[in-house]
Amino acid sequence: MGPRTVGVGLLGCGTVGGTLARTLQSDHERLLRETGLDFSLRRVVVRDADKSREGVPSTLLSTRWEDLLSPEIQVVVEVAGGAGPTFEILKRLIVGGKHIVTANKVVVSEHGDELLDLARRHRRWVGFEASVGAGVPVLHLVREALAGTPVSRVVGILNGTTNYILTRMEECSETQEAALRSAQRAGFAEADPSMDLDGVDAAQKAAILATLLTRQVVHGRDVPTEGIRQVTASDIASARRFQCSLRLLALITCEASDLEVRVHPCLVPSRHPLASVRDQQNAVWVESPLSGPLLLSGLGAGGGPTTSALLADLVDIGWHLGVFEDAAPPWESVGRLRLRPSGESVRRNYLRFAVADQAGVIGEVTTILGSHGISIESVHAGVEDGSSGEGTLEILTDDSRERDMADAVKACEALAQVLGPCRRIRCL
Ligand code: HSE
């Protein structure tokens, strides 16, 4: 049997689309040899067809997405980004018989269930490896390598920009603003920085990962999320004092009937492998009673790493052409788990209070924590230099319920000896 030809259409041709288009052409022989697939790029749909794109023949350019419905195209790769209009086009392409490969975390995290249901009904495949972790094959790991393995917890560093910022603050004492500017120059920050800084991007990726892991639909908007805007140099110094690093983590905990998905900054003990994931690296730490812990890390953004993920889905679809069309992909949401309300989440917490340098303040604060059922792992008290009459009280708690912790912190803040809002950072 000769090689199988796979006609590819591209929707969008920015950094990622351009890299994929060039790779499909420059690596054509290698891909043919290694996969038996003869990839043929047949259309590239862009907003402005007059703009020249290095390595992309101008004869392939079009501004009409309808051109992707051509019978010579079997798979459309979407790297246009955006939400509503792109989602509508993807639906029309599926109904028109195209398999889809997408890097679009917004569409997948908000409409993935609808898209996959539509694809199942039309016997088409949607590959979205590139939407989470780019060059880190996170989704293939949980869907294939760990198929059948029970997973109890996934902890992910899923946003390169915030990891880069936190590393620069930690290692070079850079300000958050300066580090964000470097991330923007390097090209991995979102056009709207709040998507990175406020944890929205990480929450979208966490929702996709949680959905795939459990087949319980989770939308990005349902994930309790706190970003890194509040993280200061004092937090970094406190983390260091407790032999920890600060990381923005996505935490997915699967229990018999409950699923917890959260995104927030966390103190990560220096000895934990995630503490050494630096700069724009992404990583996932997977815990399973069967396989034991597993760490996968690499580049979570950029033309090359994202193209690597797109190619994996393209090859997968190429290999299964004619198979997917006969048997619906085994996706069906099951909806059997309860998404655990934020207040029920349990973990250790770091608390920092500015307090009056008076006798009894430690006792007052710890008594309030105790009355909310919160036990304490360690306490560190220090007095400001220059006898300002102020001190700092730092407390590391044992596992505590989110709701109890919030109530206790509020009660502590109401004490006359507590001089301002408490800084609370959750711990891994
Ligand atoms: N802004 C994203 C990040 C790009 O920093 O991880 C990749 O999704």
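R123 counts as partly exposed in this predicted model, and its relative accessibility comes out at 34%. That value falls between the 20% limit for buried and the 50% limit for exposed, which is why R123 gets the in-between label. You'll find R123 in the loop that runs between α4 (105-121) and β6 (126-127). What stands out about its backbone is a positive phi of about 55 degrees, even though R123 is not a glycine. As background, most residues other than glycine have a negative phi.

Q243 is another residue to look at here: not a glycine, yet with a positive phi of about 55 degrees. Its place is the loop between α10 (233-241) and β8 (244-254). Q243 is exposed, because its relative accessible area of 58% is over the 50% cut-off.

Now for N159, which sits in the loop linking β7 (153-157) to α6 (160-172). Is N159 buried or exposed? With a relative accessible area of just 4%, N159 is buried, since the limit for that label is under 20%. Setting aside its neighbours within four places in sequence, N159 is in contact with D196, D201, A202, K205 and N282. With D201 there's also a side-chain link: a polar contact of 2.8 Å joins the two.

N159 also turns up around the ligand, in a shell made of K105, N159, G160, T161, F188, E190, D196, D201, K205, G300 and A301. So which helices each supply at least two residues of that shell? They are α6 and α9 (200-214). D196, D201 and K205 belong to this shell, and they are also among the contacts of N159.

Here are some of the polar distances between protein and ligand:

| Residue | Protein atom | Ligand atom | Distance |
|---|---|---|---|
| K105 | side-chain N or O | oxygen | 2.7 Å |
| G160 | polar backbone atom | oxygen | 2.8 Å |
| D196 | polar side-chain atom | nitrogen | 2.9 Å |

How much of the ligand does the protein cover? Taken on its own, the ligand has 260 Å² of accessible area, and the protein covers 90% of that. As for where the ligand is, it sits in the largest pocket.

To pull the ligand site together: K105 and D196 reach the ligand through side-chain atoms, at 2.7 Å and 2.9 Å, while G160 does so through a polar backbone atom at 2.8 Å. Buried N159 is part of the surrounding shell, and its side chain has that polar contact with the side chain of D201, itself another member of the shell.

Key: Residues are numbered from 1 along each chain as its sequence is written. This is a predicted model: local features need pLDDT of at least 70, side-chain atom pairs count only at pLDDT 80 or more; totals for chains, interfaces and linings use all residues. Side-chain values use heavy atoms; hydrogens and water are left out. Helices (H or I, at least four residues) and strands (E, at least two) are DSSP runs, numbered from the N terminus. Buried means under 20% relative accessible area, exposed over 50%, partly exposed in between (1.4 Å probe, protein chains only). A polar contact is a pair of N or O atoms within 3.5 Å; within protein, one must be able to donate a hydrogen and the other to accept it, and residues adjacent in sequence count only if both atoms are side-chain atoms. Contact means heavy atoms within 4.5 Å. A residue is near a molecule or strand if one of its heavy atoms lies within 4 Å of it. Accessible areas come from the Shrake-Rupley method with a 1.4 Å probe; for residues, only the protein chains shown count as cover. On a 1 Å grid over the protein atoms alone, a cavity is a set of points where a 1.4 Å probe fits but cannot get out, and a pocket is an open set with protein on both sides within 12 Å along at least five of seven lines; lining residues have an atom within 4 Å of a point. A molecule sits in a cavity or pocket if more than half of its atoms lie within 2 Å of its grid points.
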